[in-house]
Amino acid sequence: MERPYILHMFTPGRQMSPFDVNMAADAGYQILVPYCDIGIDAIGGLTQDAIFSRGPKGVARTGIFIGGRNAMLAADMLQRAESAMVAPFIVSLMADPSGAYTTAAAMVACVEAALQRQHHQGLAGLRVLVLGGTGPVGRVAGVLAAQCGAQVFLSSREGQAAAEAAARETGTRFQVEMHGVSGGGRDAVRASLADADVVLACAAAGVQVVSADDLVFAKRLKVAADVNAVPPEGVAGVGVMDDGVPLTGTGAVGIGALAVGNVKYQTQHRLLLQMRGADKAVVLSFPQAFATARAFLAGEAEPSPSPQG
């Protein structure tokens, strides 16, 4: 009898995201098993329970997905699961807490593509302001931009100290340099905008972090990307469907939430296909998500997983 494709889904939260369950089913996993309220110390034992019962052919059809809402904790859980593997019982792993890894990857890849179209350059050497920078999407987007050579500033409405703490913690964990800047008031936001080449708006849904009046101060701005799909828009004038549309009152272009969301969806789908179809076990985190988002924007075909075992 042919063994089914099984995806074990670990989350420290009270429930697994229905979005991720749907995505995994559409990628061809036949049995989806959520495990909720999972602490990091349980990851090793659960991983070994998942790998030792199936044999080589079953292991090839087994995967582990790590969700939750904490980008840092998900990275640690992924590392813990990888460390628990015992050859030849090694299965594919993927982390995407609250969609943060694939959303951040899609956002930065869209900005990079817009910069190439409009200015024939990438992110290297540019000043990137991440509004809502202490949340999971903001932190990961900041890391990816920094890895591309940008000077990254995480902004927090809680003030300078909170922003600097998030930048220091995240930068140390992922070995990049980032800075913190206050977003606690209009004057602080406008001062940050005045120096920004790129704005990544990663604040909560329905929160406008840049008004039309604020944009007057964004003299250097080249690209503004927004992941807020709930009115009002996170950056005034950036429509949810915009993909490189000129932003009124600036010399920049805007990228809206649904434009980013399409790339995010395609990225997550392709990663799940890659995990299900890999001949050799893979570990998929936000660097792999970024490479996949870039490939999608470049027009590369999605992977076609062949049946295993």
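What follows is a walk through this predicted model, from its parallel sheet out to a few helices and loops.

Let's start with the sheet. Five strands make it up, in the order β2-β1-β3-β4-β12, and the sheet is open, with parallel pairing. β2 (31-35) and β12 sit at the edges with a single partner strand each, so one side of each has no neighbour in the sheet. Keep that order in mind, and we can go through the strands one pair at a time.

Take β1, residues 6-10, to begin with. Five of its five residues are buried, so to speak of it as mostly covered is fair. Look at the two faces: Ile6, His8 and Phe10 are on one side, Leu7 and Met9 are on the other, and all of them are buried. From β1 the chain passes through helix α1 (residues 18-26) to reach β2, and this β-α-β crossover is right-handed. That pattern of sides fits a general rule: in a regular strand the side chains alternate between the two faces of the sheet.

Now for the partners of β1. Five bridges tie β1 to β2, and the two strands run parallel. If you want a spot to anchor your view, find His8, which stands opposite Val33 in β2. Turning to β3, you'll again find five bridges to β1 and a parallel run. Here the pair to look for is Leu7, standing opposite Gly63 in β3.

Next along is β4, residues 92-95. Ser92 and Met94 point one way from this strand while Leu93 and Ala95 point the other way, and all are buried. To get to β4 from β3, the chain goes by way of helix α4 (residues 71-83), in a β-α-β crossover that is right-handed. Strand β3 (residues 62-66) and β4 run parallel and are joined by four bridges. Met94 is a handy residue to follow across the sheet: Phe65 stands opposite Met94 in β4, and Met94 in turn stands opposite Leu284 in β12. The link between β4 and β12 (residues 283-284) consists of two bridges, with the strands running parallel.

While you're around α4 and β4, have a look at the loop between them, where Pro88 is placed. A cis peptide bond joins Ala87 and Pro88, with omega at about 5°. There's another cis peptide bond further along the chain, this one joining Pro231 and Pro232, with omega at about -5°. Pro232 lies in the loop between β9 (223-226) and β10 (243-246).

On to the helices. Two packed helices are described by the angle between their axes and the distance between the axes. For helix α5 (residues 100-119) and helix α11 (residues 286-297), the axes come within 8 Å and cross at roughly 45°. That angle makes α5 oblique to α11. As for its hand, the crossing of α5 and α11 is right-handed.

Then there's α6, covering residues 136-147. Does its length add up to what you'd expect, and what is the span between its end C-alpha atoms? At 1.5 Å a residue, the 12 residues of α6 should span 16 Å, and the end C-alpha atoms are 17 Å apart, which agrees. Of those 12 residues, 10 are buried, so the helix is largely enclosed by the rest of the structure. Among the buried ones are Val137, Arg139, Val143 and Leu144. Just after α6 comes Gly149, with a positive phi of about 100°.

Strand β5 (residues 127-131) holds Leu129. With a relative accessible area of 3%, Leu129 is buried. Leu129 and Ala150 are 21 residues apart along the chain, and their C-alpha atoms are separated by 10.0 Å.

Finally, two residues to check in the loops. Asp37 isn't a glycine, yet it has a positive phi of about 55°. You'll find Asp37 in the loop between β2 and α2 (43-51). Is Asp37 buried or exposed? Asp37 is exposed, at a relative accessible area of 54%. Gln175, not a glycine either, has a positive phi of about 60°. Gln175 is found in the loop between α7 (160-174) and β7 (179-182), and at 75% relative accessibility Gln175 counts as exposed.

Key. Residues numbered from 1 in each chain as written. Predicted model: local features only at pLDDT ≥ 70, side-chain atom pairs only at ≥ 80, totals over all residues. Heavy atoms only, no water. Buried < 20%, exposed > 50% of the residue type's maximum accessible area, 1.4 Å probe, protein only. Pairing = 2+ DSSP bridges. Right-handed = clockwise from strand over helix to strand, strands pointing away. Expected span 1.5 Å × (residues − 1). Axes fitted to C-alpha atoms, helices over the stretch in contact; angles between N-to-C directions. Parallel < 35°, antiparallel > 145°, perpendicular 65-115°, else oblique. Left-handed = near helix turned anticlockwise from the far one by under 90°.
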